[in-house]
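Q: Please take a close look at one helix in this structure. I would also like to see how that part fits into the rest.

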Amino acid sequence: MSQSFEVAIVGSGFGGLATALRLAELGRRVVLFETLAYPGGCASTFSHKDFSFETGATLFSGLGDGQLFQRWNQHYDLGLEFETLDPVVAMRTPGWQLAIPAQRQQLIERFLKPAGAPRQALLGFFAYQEKVADALWRVLDDPDLLPPFGFKSLCRHAARATAYWPILRSAGQPLSDVLKSFGLGDYAPLRTYLEALCQITVQCGVDEAEAPFALGTMDYYFRGTGHVRGGIGKLAWGLVEAIRSLGGEVRFLDRVKRVTALETAGFQVETRRGELKAEQVVANTLPQSLRRLVPDLPAELPWLESLESQVAGGWGACMLYRVIPCEPGATPHHVELIGDPQAPFLEGNHIFCSASAEGDGGVEPRQRTLTVSTHVDLGVMADMDDAAKAAYIETVQRRMDATLRSLAPKRFNEPLFAMTASPRTFERFTGRASGYVGGVPRRFGLDNYRSLIPPPVVPGLYLVGDSIFPGQSTLACALGGYKLAERLAS
Ligand SMILES: Cc1cc2nc3c(=O)[nH]c(=O)nc-3n(C[C@H](O)[C@H](O)[C@H](O)COP(=O)(O)OP(=O)(O)OC[C@H]3O[C@@H](n4cnc5c(N)ncnc54)[C@H](O)[C@@H]3O)c2cc1C
């Protein structure tokens, strides 16, 4: 007789891990399947030739006092070391640089410092931005305030209703309109800063970004953001241990091949290593993968189709992974480089480079690992044959290298070991269809607020991960999983 569980979860990305952990905390019998030998998906630490690299994500929020990852670290005694960095990120273009500090006031001062900076306009903009960010981050800091709402959380929202009013002023507008309203539409330093920030957070540029989301993510650097010593994989493994300590099962190297709805109730889950029954199933996958995983889905599922097309309006990623020399005692260091601020912040023109601490990643003393990423347009690649795709990826990787050579610290360009990855690599390792990695880009429009409580795909079958509210980033995926677990257990 096959085993049976209350909930089976497909995939150990941060959405799947958080769903499993919260369900186990709530006393549910849960099993989590992962096709790879390690957890974390796009936010994992993988090994290659004795080295270990960050797969994609390198800079993490939710690590501050009282925030989700910090609470789990303490509660389960995971022993993880979270470091705040100063600067959090060093941003550079050929003619400008900004050390992004961990304090809002210092950042404002850095923008005000140059002679001729539009002081009043900048102060007005940052004052408004702070109000929007305060309203939104309180919700991210406290999962109880996220939908679906209980009576208590509704009362708490009602009590702070006035804090949400500033959001109404810019809801449905692009961030560029807000900049214009403060007379900052063409102010190059702020525009460059925001183009780079929006691209990595809301996954689109200033002219497209939904203003309140973009203004909220401007606080990313000030709210418990930093580095996980030894790599984000340590946090992912810590969550696996926590799930197991509560009686949950986590099975690696066990891909879920097929999920079938049973006539009575629940699902049959067929994996590489066997079969079991589950009352409910959570897929930590893109909506694109679901029909292959659950072949019996109804032909028409408008919500799922709409989500697929939103994900298909997003991006893939190209990566460079390197081992480089460093000074003794070198600490983690993040650098964001823009070759040409007038050109699109994509395809190697805009790169995010993260160097580990000395010795992290299985390297020798006086060495560190480097993970470099850029966005690539999968829409452009859609009609290409394999040879054209390979040529396009090579061009992007060459441009990443050129941006590194022109703007990065010299040692970033003295690789002792180097390898690359492309959207195809992400598709192969994380199962993300066509290599889409950015979730749903938050392009402006009121539609962004309509999907706050994602429905089940069919009764008992749910999605979790960066295509589902609250969206992209390790913290957002974990919060989404946490809330989904509470919904399933209620
Ligand atoms: C290049 C890059 C840089 C990024 N930088 C940052 C950053 O600095 N900070 C940040 O917070 N976020 C960053 N992100 C975003 C963040 O990493 C993702 O939003 C988040 O990790 C996605 O998590 P997820 O829950 O959607 O699951 P995923 O990461 O997609 O993981 C899904 C997991 O499910 C497994 N799986 C899939 N199908 C099956 C199956 N059939 N059976 C079993 N297992 C299966 C996969 O192997 C995978 O492990 C970055 C992303 C990328 C790509």
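A: Here is the helix, followed by its surroundings.

This is a predicted model, in which local features need pLDDT of at least 70, side-chain atom pairs count only at pLDDT 80 or more, and totals for chains, interfaces and linings use all residues. Residues are numbered from 1 along each chain as its sequence is written.

The helix is α16 (474–489). Helices here are DSSP runs (H or I, at least four residues), strands are DSSP runs too (E, at least two), and both are numbered from the N terminus. α16 has 16 residues. From first C-alpha to last, α16 reaches 23 Å, close to the 22 Å expected at 1.5 Å a residue. That expected span is 1.5 Å times one less than the number of residues.

How much of α16 is covered? Mostly covered is the answer: 13 of its 16 residues are buried. Buried means that 20 or more other C-beta atoms lie within 10 Å of a residue's own; 12 or fewer means exposed, and in between is partly exposed, with C-beta atoms placed from the backbone.

Now the core. A nonpolar core is a set of buried Ala, Val, Leu, Ile, Met, Phe, Trp, Tyr and Cys residues joined through C-beta atoms within 7 Å. The largest one has 135 residues, and Ala 209 and Cys 353 touch the most other members. α16 gives the most to this core, with nine residues.

Next, the ligand. 38 residues surround the ligand, and the closest are Gly 11, Gly 13, Gly 15, Gly 41 and Gly 465. To be near, a residue needs its C-beta atom, placed from the backbone, within 6 Å. α16 and α1 (14–25) are the elements that give two or more residues to this shell. By class, the shell has 15 nonpolar, 19 polar and four charged residues. Ala, Val, Leu, Ile, Met, Phe, Trp, Tyr, Cys and Pro count as nonpolar, Asp, Glu, Lys and Arg as charged, and the others, Gly among them, as polar.

Last, the domains. The bounds come from an automatic or database domain assignment. Domain 1 covers 3–48 + 229–311 + 438–489, domain 2 covers 104–222 and domain 3 covers 315–423. The centres of domain 2 and domain 3, taken over C-alpha atoms, are 28 Å apart.

For contrast, take a loop residue. Gly 329 sits between β13 (315–325) and β14 (333–338). Gly 329 counts as exposed because it has 10 C-beta neighbours inside 10 Å.
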